[in-house]
Amino acid sequence: MEIVACPKCQNTKVVKSGIIKERQRYLCKSCTYYFTVNKVGKKIDDYYVTKALQLYLEGLSYREIERIIGVSHVSISNWVKEFKIKKPPHPNYHPSYKIFKHAELVEYLKNKDQLSGAGMIITELGDKFMLIKWERFKD
Ligand SMILES: [Zn+2]
């Protein structure tokens, strides 16, 4: 599974366009730039796979994950199958999540009330941060 984006304009509307030196060549339909995918591209793919599966384990739905990291819910469902991810049941809560710029995140965490009685993880998301939070000890 790979997410290919044009290195010039970041558009993901790319089509396969032959093999050059054993590497897949792509054509960007947005800016007509030709490029091949190198190892760096593969690394970014793994990064999104991990993020998607993390969010899935935290109880977010495929559609929510699609909205957050911009990969299709079909891809996410394929990864869940491929890596045989089994989600433990989360009967009593659904996590909430917020996206922060760094300064906003620092500001948010300054308030101790935000931290007590809740579990949370912070994960990097491009140039921003995502905070996933679930309330515990709540009936
Ligand atoms: Zn392009």
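**Exercise 1. Starting from the bridge partner of Glu124, describe the pairing of the strands around β6.**

Step 1. In this predicted model, the bridge partner of Glu124 in β6 is Phe129. The strand β6 comprises residues 128–135, while β5 covers 118–125.

Step 2. The pairing of β5 with β6 is antiparallel and extends over eight bridges. The hairpin that these strands form has two residues between them, and Gly126 in this hairpin takes a positive phi near 60 degrees.

Step 3. On the other side of the pairing, β4 is joined to β6 by five bridges, and these strands also run antiparallel. Within this pair, Lys98 stands opposite Leu131 of β6.

Step 4. Putting the pairs together gives an open sheet of three strands in the order β4-β6-β5, with antiparallel pairing. Each of β4 and β5 has a single partner strand and stands at an edge, so one side of each is left without a neighbour in the sheet. On average, and with direction ignored, neighbouring strands of this sheet are turned by 20 degrees against each other.

**Exercise 2. Work out the order and the edges of the sheet that contains β1, β2 and β3.**

Step 1. β2, made of residues 23–28, pairs with β3 in the antiparallel sense over three bridges. One position to locate in this pair is Arg25, whose bridge partner in β3 is Thr36.

Step 2. The three strands form an open sheet in the order β1-β2-β3, and the pairing is antiparallel. Its edge strands are β1 and β3 (34–36), each of which pairs on one side only. Here the average turn of neighbouring strands against each other, with direction ignored, is 35 degrees.

Step 3. To place both sheets along the chain, read the elements from the N terminus on, which run β-β-β-α-α-α-β-α-β-β. The protein has four helices and six strands in total.

**Exercise 3. Characterise the contact between α2 and α3.**

Step 1. Two packed helices are described by the angle between their axes and the distance between the axes. For α2 and α3, the axes come within 8 Å and cross at roughly 115 degrees, and the crossing is right-handed.

Step 2. On the α2 side, the contact is made by Tyr62, Arg63, Ile65 and Glu66, and on the α3 side by His73, Ile76 and Ser77. Sorting these residues of the contact by character yields three nonpolar, two polar and two charged.

**Exercise 4. Identify the largest nonpolar core and follow the surroundings of Leu60 and Glu58.**

Step 1. The largest nonpolar core has seven residues, namely Val49, Ala52, Leu55, Leu60, Ile65, Val71 and Ile76. Helix α1, residues 39–57, supplies the largest share of this core, with three residues.

Step 2. When its neighbours within four places in sequence are left aside, Leu60 is in contact with Leu55, Ile65 and Pro95.

Step 3. Glu58 has its place in the loop between α1 and α2 (62–69). Glu58 is classed as buried because 20 other C-beta atoms lie within 10 Å, the cut-off for this class being 20 or more.

Step 4. Not counting residues up to four places away in sequence, Glu58 touches Pro95 and Ile132. The C-alpha atoms of Glu58 and His94 are separated by 8.3 Å, although these residues are 36 residues apart along the chain.

Step 5. For the protein as a whole, 10% of the 139 residues count as buried. Among contacts with a separation of 6 or more, 41% are accounted for by residues 24 or more positions apart.

**Exercise 5. Locate two residues other than glycine with positive phi, and decide whether they are buried or exposed.**

Step 1. Phi of Gln10 is near 65 degrees, a positive value in a residue other than glycine. Gln10 lies in the segment before β1 (14–20), and Gln10 is exposed because it has 10 other C-beta atoms within 10 Å, where exposure requires 12 or fewer.

Step 2. Lys84 likewise is a residue other than glycine with a positive phi, near 50 degrees. Its place is in the loop between α3 (73–82) and β4 (96–100). Having 6 C-beta neighbours inside 10 Å, Lys84 therefore also counts as exposed.

How values were computed: Residues numbered from 1 in each chain as written. Predicted model: local features only at pLDDT ≥ 70, side-chain atom pairs only at ≥ 80, totals over all residues. Pairing = 2+ DSSP bridges. Axes fitted to C-alpha atoms, helices over the stretch in contact; angles between N-to-C directions. Core = buried A, V, L, I, M, F, W, Y, C linked by C-beta atoms within 7 Å. Contact = placed C-beta atoms within 7 Å. Left-handed = near helix turned anticlockwise from the far one by under 90°. Nonpolar A, V, L, I, M, F, W, Y, C, P; charged D, E, K, R; others polar.
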